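User: Could you walk me through this fold, one piece after another? I am new to reading structures, so please explain the terms as they come up.

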Amino acid sequence: MKYDFDEVIARQGTGCVKWDESPSTDVIPLWVADMDFAVAPAIQEAIKRRAQHPVFGYTYVQEDYYAAVISWFQRRHGWKIKREWMLYTIGVVPAMSVAIKALTMPGERVLILSPDYNCFFSSIKNNGCEVAESVLRLNRNIQNRFEVDWQDFEAQCANEKTTVFLLCNPHNPTGRVWIREELQQMADICHRHGVRIVSDEIHCELIMPGHTFVPMGTVDEDAIILNSPSKSFNIAGLQMANIICQDAETRRRLDRAININEVCDVNPFAPEAVKAAYNDSEEWIDALNLYLWDNYSALCDFVAHHLPQWKVMPLEGTYLVWVDVSACCDACCDSVATYCEELLEKAKVWLNPGTMYGPTSGEGYLRINIACPRSLLMEALERIRKLTKK
């Protein structure tokens, strides 16, 4: 089946965060991690079928839901999940807060690889813990690839206050897809120092050609895994995610934290969408990844010819491109935040400043969401080019 990712779908007026929060109707929003593509046909049909029943009461998640998740990860990623390992909740960010609450005491340190997803910072602080940042190193000898500073990572884990390592796999915002050897080294270091791993794997289906996603659960049996098809299949608004934990006692604590945080009830449409995604939409996600790769290639080509001040980082996974714009910041403004404000005000393109993902480690970078029809992406880049020429 052919899927039309080039179709421009008007989202204004639908209560859409990405478009309806824009300061004006002529802004192209490439900021929040939300795709502008129609969801897979099987998901649309599943929602329609459920909507035909006129009662939308409290939802009991049935066994075919768990079967769909288990089947997907076994055939797609070679990971054999057992039914009893699974807990569900309303989203990966709530799941993250649940895991921190279950595994830490206030005042302890939670380690992240910085720059990192901005909600990592807030979830850690909201649970009374300290953020410990191990800053990724840029390896300019390997195509500007971000890598773990292993000496610093171990030093952070060795701190007696560090009890949890919160991993983003694949990594947002740098676009890294961690290979098995890197994940094993993370696990080995964490085990040496009694640090539990919580792995956010929400972007795990968004993998670019030549790269392979490795679930942390296949590397470390003690890891707590957070996943959801919400990003990959563009169903974030339906709100459903899974926590996968092999240890029964830890799972009991997680389940208790789900109820303490009151994030245990999902809406009646979410399980149907998840089943349709995992059971009937594999062809769609494969086509999507190829389209995203072509978008990334188009962006790289445009930047090479028209925005030489920009340095685009390699994209291995996610649809979020990390770009070094420090040369532009040095030339026209005092920070990347100011640069992004100028792009929004004058070019009408909304991008996220890198400082959202690390006040220090993200300075000089911005993040671009390329999950939109190519015509919108190219129009946004053309607007930036025109502004930069002035």
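**Sheets and helices**

Analyst: Let me begin with one pair of strands: strand S12 (residues 320–324) and strand S15 (residues 365–369) pair in the antiparallel sense over five bridges. Strands here are DSSP runs of E with at least two residues, helices are runs of H or I with at least four, and both are numbered from the N terminus; two strands count as paired if DSSP finds at least two bridges between them. This is a predicted model, in which local features need pLDDT of at least 70 and side-chain atom pairs count only at pLDDT 80 or more, while totals for chains, interfaces and linings use all residues. Residues are numbered from 1 along each chain as its sequence is written, and side-chain values use heavy atoms, with hydrogens and water left out.

User: Which residue in S15 is the bridge partner of Asp-324?

Analyst: The partner of Asp-324 there is Tyr-365. Helix H12 (residues 336–347) packs on this sheet, where it touches S14 and S15, and its direction makes about 40 degrees with that of S15. Contact means heavy atoms within 4.5 Å, and such angles run from 0 to 180 degrees between N-to-C directions, with axes fitted as lines to C-alpha atoms, for helices over the stretch in contact.

User: What is the order of the strands in that open sheet of four?

Analyst: The order is S11-S12-S15-S14, with antiparallel pairing. Strand S11 (311–312) and strand S14 (352–353) stand at the edges with a single partner strand each, so one side of each is left without a neighbour in the sheet.

User: And how are the seven strands of the other open sheet ordered?

Analyst: They follow the order S2-S10-S9-S8-S7-S3-S4, and the pairing is mixed. S2 and strand S4 (130–135) are the edge strands here, each having a single partner strand, so one side of each lacks a neighbour in the sheet. Direction ignored, neighbouring strands of this sheet are turned by 25 degrees against each other on average.

User: Which strands pair with S10, and over how many bridges?

Analyst: S2 pairs with S10 in the antiparallel sense over four bridges, and S9 pairs with S10, also in the antiparallel sense, over three. On the S2 side, Met-86 has Ile-244 as its bridge partner and Thr-89 has Ala-241, while Leu-226 stands opposite Ile-243.

User: Are the faces of S10 covered or open?

Analyst: Both faces are covered, with Ala-241 and Ile-243 buried on one side and Asn-242 and Ile-244 buried on the other. Buried means under 20% relative accessible area, exposed means over 50%, and partly exposed lies in between, using a 1.4 Å probe and protein chains only. In a regular strand the side chains alternate between the two faces of the sheet.

User: Which helices lie across S10?

Analyst: H3 lies across S2, S9 and S10, running at about 115 degrees to S2. Helix H8 (residues 248–260) lies across S2, strand S8 (196–200), S9 and S10, running at about 15 degrees to S2.

User: Tell me about H3 itself, then: which of its residues are buried, and what covers them?

Analyst: The buried residues of H3 are Tyr-65, Tyr-66, Ala-68, Val-69, Ile-70, Trp-72, Phe-73 and His-77. Their cover includes strand S2 (86–89), strand S9 (224–227), strand S10 (241–244), helix H9 (270–280) and helix H10 (282–306). After H3 comes Gly-78, whose phi is positive, near 65 degrees.

User: Changing topic, how do H10 and H13 cross?

Analyst: The axes of H10 and helix H13 (residues 374–389) come within 11 Å and cross at roughly 20 degrees. The two helices are therefore roughly parallel to each other, a label for angles under 35 degrees, whereas over 145 is roughly antiparallel, 65 to 115 roughly perpendicular and the rest oblique. Among the residues that meet are Tyr-291, Asp-294 and Phe-302 in H10, and Arg-374, Leu-377 and Arg-385 in H13.

User: Last one: where are the cis peptide bonds?

Analyst: One joins Ser-114 and Pro-115, with omega at about 5 degrees, and Pro-115 is found in the loop between strand S3 (109–114) and helix H5 (118–126). Another runs from Asn-169 to Pro-170, with omega near 0 degrees, and Pro-170 lies in the loop between strand S7 (162–168) and helix H7 (180–192).
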